[in-house]
Amino acid sequence: MGYLTEITDNIFQTAKSRLIINPAFDIVLEIQKLFREEDLTEFEKVDQALQMLIVNDWNLRLYSPREKVNLLNEISKKYITVKKRPNVKKSPRPVLDFEEDGDYIYASFMQEYHIDLIDEQGKLPWKKFLFLFNGLSSDTKIKQVMRIRDMDVPEYNGKNMKQIQEIQRLQSYYALPVKGGGGQSGLDLLFSTLEGMARQ
């Protein structure tokens, strides 16, 4: 079934309870940040992520730690994960960071769709956000910045020093900070790939 024919439902029924899910883009991005934390255990990350996603989170007391891991995976499959498309070109450099690039993304949504993402916090579902992000035109700020970060610096040929310096200047200006990793569990990997999905 395609996305346009799916009925969006925020009720997630399990054998133990009926859960109300809020997969808003800002919540998903906060969960992504949570999974980079190194001072939390894997189960603490899972537990906090579920509390953020589930409106009636008092029902979580019914689930064991292992069941919570499975529950987060199932919720992720339904509300967060989108179909991946094959990469034509895999950039060796990071070109996007939702946290660092928040201002560019905000400006781009306003420019392209007249959508104020601050007003949409807690409302705009992650999948809709991601589809709109993927549909941003090449003249929006975030797409321009991503293109600059992904540019190859040409080899010097005796005549192109000015072009090389300009590309290096822009790449230096828009460079993303180096971030440390976290644990490497399946769920960490799942959430660390969210940004990659936006480039598909």
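Helices, as the word is used here, are DSSP runs of at least four residues, numbered from the N terminus. With that numbering, Leu-124 falls in the loop between H4 and H5. The model is a predicted one, and this loop residue is a handy place to start looking around it.

Leu-124 has a relative accessible area of 9%, so it counts as buried, the cut-off being under 20%. Setting aside residues up to four places away in sequence, Leu-124 touches Pro-23, Ala-24, Phe-25, Leu-117 and Phe-129. Another residue to look at from here is Ile-27: it sits 97 residues from Leu-124 in sequence, yet the two C-alpha atoms are 10.0 Å apart in space.

Stepping back to the chain as a whole, there are 9 helices and 2 strands. Reading from the N terminus, the order is β-β-α-α-α-α-α-α-α-α-α, with the two strands ahead of the helices. Of the 200 residues, 39% count as buried. Among contacts with a separation of 6 or more, 69% come from residues 24 or more positions apart.

Next come the helix pairs. Two packed helices are described by the angle between their axes and the distance between those axes. For helix H1 (residues 25-34) and helix H2 (residues 42-53), the axes come within 10 Å and cross at roughly 170°. An angle over 145 degrees counts as roughly antiparallel, and therefore H1 and H2 are roughly antiparallel to each other. On the H1 side, the contact is made by Ile-27, Glu-30, Ile-31 and Leu-34. H2 brings in Lys-45, Gln-48, Ala-49, Met-52 and Leu-53. Sorted by type, the residues of this contact come out as 6 nonpolar, 1 polar and 2 charged. Ile-27, which turned up above as a partner in the distance to Leu-124, is thus also part of the contact of H1 with H2.

H4 and H5 make another pair, packing at an angle of about 75° with their axes 11 Å apart. Angles of 65 to 115 degrees count as roughly perpendicular, so that is how H4 lies relative to H5. Here Ile-105, Phe-109 and Tyr-113 in H4 meet Phe-129, Leu-132 and Phe-133 in H5. The contact of H4 with H5 divides into 6 nonpolar residues, with no polar and no charged ones.

Several of those names come back when the rings are considered. The structure holds 11 aromatic pairs. In one of them, Phe-98 and Phe-129 have ring centres 5.8 Å apart and planes at 55°, so the pair is tilted. Phe-98 belongs to the loop between helix H3 (65-79) and helix H4 (102-113), while Phe-129 belongs to helix H5 (residues 126-134), and the pair links these distant parts of the chain across 31 residues. Both rings belong to buried residues: the relative accessible area is 5% for Phe-98 and 1% for Phe-129.

Phe-98 also pairs with Phe-133, with ring centres 5.6 Å apart and planes at 70°; planes over 60 degrees apart count as edge-to-face, so this pair gets that label. Because Phe-98 lies in the loop between H3 and H4 and Phe-133 lies in helix H5, the pair ties together parts that are 35 residues apart in sequence. Phe-133 is buried too, with a relative accessible area of 0%. Phe-98, Phe-129 and Phe-133 are members of one aromatic cluster, along with Phe-25, Phe-109, Tyr-113 and Trp-126. Within that cluster, Phe-25 and Phe-129 are also touched by Leu-124.

A few single residues round out the picture. Lys-16 lies over the face of Tyr-63, at 5.7 Å from the ring centre. His-114 is found, like Leu-124, in the loop between H4 and H5. His-114 has a positive phi of about 60° although it is not a glycine. At 69% relative accessibility, His-114 counts as exposed, whereas Leu-124 is buried.

Further along, Asn-160 is found in the loop between helix H6 (141-150) and helix H7 (161-173). Its relative accessibility is 9%, and Asn-160 counts as buried. Leaving aside neighbours within four places in sequence, Asn-160 is in contact with Pro-154 and Glu-155.

How values were computed: Residues numbered from 1 in each chain as written. Predicted model: local features only at pLDDT ≥ 70, side-chain atom pairs only at ≥ 80, totals over all residues. Heavy atoms only, no water. Phe/Tyr/Trp six-rings, centres within 6.5 Å; stacked < 30°, edge-to-face > 60°. Buried < 20%, exposed > 50% of the residue type's maximum accessible area, 1.4 Å probe, protein only. Lys NZ or Arg CZ within 6 Å of the ring centre and 35° of its normal. Axes fitted to C-alpha atoms, helices over the stretch in contact; angles between N-to-C directions. Parallel < 35°, antiparallel > 145°, perpendicular 65-115°, else oblique. Contact = heavy atoms within 4.5 Å. Nonpolar A, V, L, I, M, F, W, Y, C, P; charged D, E, K, R; others polar.
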